[in-house]
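Hi everyone, thanks for making time this morning. I'd like to walk you through one structure and how its helices pack, so let's put it on the screen.

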Amino acid sequence: MATPTPDSQDNFDQFDEEEEQQLGGTTSGRKRLFSKELRCMMYGFGDDQNPYTESVDFLEDLVIEFITETTHRAMEVGRTGRVQVEDIIFLVRKDARKYARVKDLLTMNEELKKARKAFDEVKYVE
């Protein structure tokens, strides 16, 4: 195994910057949207309380990529240019875990709407 020379180290650093820009890393100036939540989730799933920033950034890149791809696919399924809940349900219908989670979230959202409405009605009566 050859020892790295200063020139090969410079090439390695250049590769890291190019790869990070392709992944939408912080060198391109993109603001991290989910880093706080992802850190908490990683800790909840057994990672260190303060996970490496690189790990959080990489996971966030994966999440953003998943959201983007799903949104694009949903735009192709339903009415062009619009994303509706039914389109997302259609896309995840074959993945039992995702489908169950979507159904749970939609049910919880309806329950929260009803509870808020009932609370507002009681508030106005008094």
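Let's begin with the surface: the protein chain exposes about 10800 Å², and carbon and sulfur atoms supply 56% of that area. Please keep in mind as we go that this is a predicted model.

Now the overall layout. How many helices and strands does the protein chain have? The count is 5 helices and 0 strands, and reading along the sequence gives the pattern α-α-α-α-α. The chain has 126 residues, and buried residues make up 13% of them. For those of you who like contact maps, take the contacts between residues at least 6 apart in sequence: 29% of these join residues at least 24 apart.

On to the packing. Two packed helices are described by the angle between their axes and the distance between the axes. I have two such pairs for you, and helix H3 takes part in both.

The first pair I'll show is H2, residues 35-44, with H3. Their axes are 10 Å apart and the packing angle is about 110 degrees. Angles of 65 to 115 degrees count as roughly perpendicular, so that is how H2 sits relative to H3. Which residues meet here? From H2 we have Ser35, Leu38, Arg39 and Met42, and they meet Thr53, Ser55, Val56, Leu59, Glu60 and Val63 in H3. Sorted by class, this contact has 5 nonpolar, 3 polar and 2 charged residues.

Let me zoom in on one of those. Ser55 lies in helix H3. Is Ser55 buried, partly exposed or exposed? Its relative accessible area is 30%, and since buried means under 20% and exposed over 50%, Ser55 counts as partly exposed. Ser55 and Leu38 are 17 residues apart along the chain, and their C-alpha atoms are separated by 9.8 Å.

Now let's move along H3, which spans residues 53-77, to its packing with H4. Here the angle is again about 110 degrees, with the axes 9 Å apart. H3 and H4 are therefore roughly perpendicular to each other as well. The residues that meet are Thr70, Arg73, Ala74 and Val77 from H3, and Asp87, Ile88, Phe90 and Leu91 from H4. By class, that contact has 5 nonpolar, 1 polar and 2 charged residues.

Thr70 deserves a closer look. This residue is found in helix H3, and with a relative accessible area of 15%, Thr70 is buried. Leaving aside residues up to four places away in sequence, Thr70 touches Ile88 and Leu91.

Finally, let's look at H4 itself, residues 85-92. Which residues of H4 are buried? They are Asp87, Leu91 and Val92. These three cover an arc of only 125 degrees around the axis, which puts them on the same side of H4. Asp87 and Leu91 also appeared a moment ago, among the residues that meet H3.

That's my tour, so over to you for questions!

Note on methods. Residues are numbered from 1 along each chain as its sequence is written. This is a predicted model: local features need pLDDT of at least 70, side-chain atom pairs count only at pLDDT 80 or more; totals for chains, interfaces and linings use all residues. Side-chain values use heavy atoms; hydrogens and water are left out. Buried means under 20% relative accessible area, exposed over 50%, partly exposed in between (1.4 Å probe, protein chains only). Helices (H or I, at least four residues) and strands (E, at least two) are DSSP runs, numbered from the N terminus. The arc is that of the directions from the helix axis to the C-beta atoms. Axes are lines fitted to C-alpha atoms, for helices over the stretch in contact, and angles run from 0 to 180 degrees between N-to-C directions. Angles under 35 degrees count as roughly parallel, over 145 as roughly antiparallel, 65 to 115 as roughly perpendicular and the rest as oblique. Contact means heavy atoms within 4.5 Å. Ala, Val, Leu, Ile, Met, Phe, Trp, Tyr, Cys and Pro count as nonpolar, Asp, Glu, Lys and Arg as charged, and the others, Gly among them, as polar. Accessible areas come from the Shrake-Rupley method with a 1.4 Å probe; for residues, only the protein chains shown count as cover.
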